[in-house]
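User: Please take a close look at the aromatic pairs in this structure. Which rings pair up, and how do they sit? Walk me through it in short steps.

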Amino acid sequence: MNETLPSPSVPAVTVGKKSKAWQRLLPLLIALACFGYIYDRLNHAAAAEGSGLLAYLAKSFENVSWGRWLVLMIPYCFLYLLIDSLVIWAVINWFNTKIRYRDILPIRASAYILSLINEQVSKGAIAVYLNRVAGVPGWEVGSSMLFLMFCEYYNLIVWASIGVMLRWSSVPKVFHVIPWVALGSAVFFLLFYLFFSGKMAPSVSLRDRPILRAFRMAKVHHYVAVILMRAPLVLAGVIVYTLALRLFGGTIGFGEMLGYLPVIFFGAAMPGPMHSVAVLFWVLLFPDRPGQMTAFGFVMHNFFILFNAAVGLLFLRQATREMFAAGKR
């Protein structure tokens, strides 16, 4: 008999596919569980007040002093634009070309429109603008955008580590992994910096690619400077979120918010369980006020990104005119 024996590689491939499918499905299941928890809390709270779910949620929005809330949020959004533009201006001046701050502001604001789709796409738009208007080679300005993204991660992990240590017993246990992530990130940064400074594996040509130019030029103080420049945004966020939370019926101190907010921002930026828990963090923190906390989380996030995009529309015409005028030269 000529029997065809099964290839020993088939089970391995099948298991690998099943494993990958399981890994893709897990975050979705966690997200569904989190939203199921929120729905359950809202439903019970609505029933306790003898009203329907939609009426209960509407009441959570009606009881907020929206005028006072806007007084907090609008200056915070403008402050974010100004400091975010400052960081980009500094990085471009360090690694690419001398450019005025007022020339960066319109394109940074306009790029917030693309942030509605993806933040990294918006940085790509900034790179295209600088290539056309300032004549910076595309790969080199792309390198500066990568440097910014790299620094943004380290900014998040630094502040999240401080936050989770401040509120260790209060934050959900899923966030207790953050200090270990920070430790691993610190080790990675050390090796990363040694490599790009030429002190480790000097013969490897990878570091010489134009897209990695900013990392070759960067010194430790450049990374530290970006984190320090963004620090006022963290502190301003703590003040704004603390005061805004009180308008929705939640009361915590500024010190407590300094512990919670960076952890929420880090969790929301990460895939996996931390992202899902960050979404319902406010409901977990104030389980007796699920409607108000759901409304709080919803409006804080969505107003921020939509208002920034609306401000971007005010600058879009100027940025577009400058870019196309440069292209005709």
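Analyst: Searching the whole structure turns up 36 aromatic pairs. The model is predicted. Two of the pairs deserve a close look.

Start with tryptophan 69 and phenylalanine 303. Their rings meet edge-to-face. The centres are 4.9 Å apart, and the planes make an angle of 65°. An angle over 60 degrees counts as edge-to-face, and 65° fits that.

Now place the two residues in the chain. Tryptophan 69 belongs to helix α3, residues 66–95. Phenylalanine 303 belongs to helix α13, residues 290–328. The pair therefore ties together parts that lie 234 residues apart in sequence. Are these two residues buried or exposed? Both tryptophan 69 and phenylalanine 303 are buried.

Next, tryptophan 282 and phenylalanine 296. This pair is edge-to-face, with 5.1 Å from centre to centre. The angle between the planes is 90°. Tryptophan 282 sits in helix α12, residues 281–285, and phenylalanine 296 sits in helix α13. Here the linked parts are 14 residues apart in sequence, so the pair ties α12 to α13. Tryptophan 282 is buried, and phenylalanine 296 is buried too.

Rings can also have a charged partner. Arginine 207 lies over the face of phenylalanine 195, 4.2 Å from the ring centre. Arginine 246 places its charged end over the ring of phenylalanine 254. In that case the distance to the ring centre is 5.4 Å.

Now step back to the whole chain. How many helices and strands does the protein chain have? It has 13 helices and zero strands. Take the contacts between residues with a separation of 6 or more: 70% of them join residues 24 or more positions apart. The tryptophan 69 and phenylalanine 303 pair spans 234 residues. Of the 329 residues in the chain, 41% count as buried. The chain exposes about 17500 Å², and carbon and sulfur atoms supply 69% of that area.

Finally, one example of two helices meeting. Helix α4 covers residues 101–115, and helix α5 covers residues 119–133. Their axes come within 8 Å and cross at roughly 145°. The crossing of α4 and α5 is right-handed. On the α4 side, the residues that meet α5 include Ile104, Ile107 and Leu114. On the α5 side, those that meet α4 include Val121, Ile126 and Tyr129. Charged residues take part as well, among them Asp103 and Arg108 in α4, and Glu119 and Lys123 in α5.

Definitions and conventions
Residues are numbered from 1 along each chain as its sequence is written. This is a predicted model: local features need pLDDT of at least 70, side-chain atom pairs count only at pLDDT 80 or more; totals for chains, interfaces and linings use all residues. Side-chain values use heavy atoms; hydrogens and water are left out. Helices (H or I, at least four residues) and strands (E, at least two) are DSSP runs, numbered from the N terminus. Buried means under 20% relative accessible area, exposed over 50%, partly exposed in between (1.4 Å probe, protein chains only). Contact means heavy atoms within 4.5 Å. Accessible areas come from the Shrake-Rupley method with a 1.4 Å probe; for residues, only the protein chains shown count as cover. Rings of Phe, Tyr and Trp (its six-membered ring) pair if their centres lie within 6.5 Å; planes under 30 degrees apart count as stacked, over 60 as edge-to-face and the rest as tilted. A charge sits over a ring if NZ of Lys or CZ of Arg is within 6 Å of the ring centre and within 35 degrees of the ring normal. Axes are lines fitted to C-alpha atoms, for helices over the stretch in contact, and angles run from 0 to 180 degrees between N-to-C directions. A crossing is left-handed if the near helix is turned anticlockwise from the far one by less than a right angle, and right-handed if clockwise.
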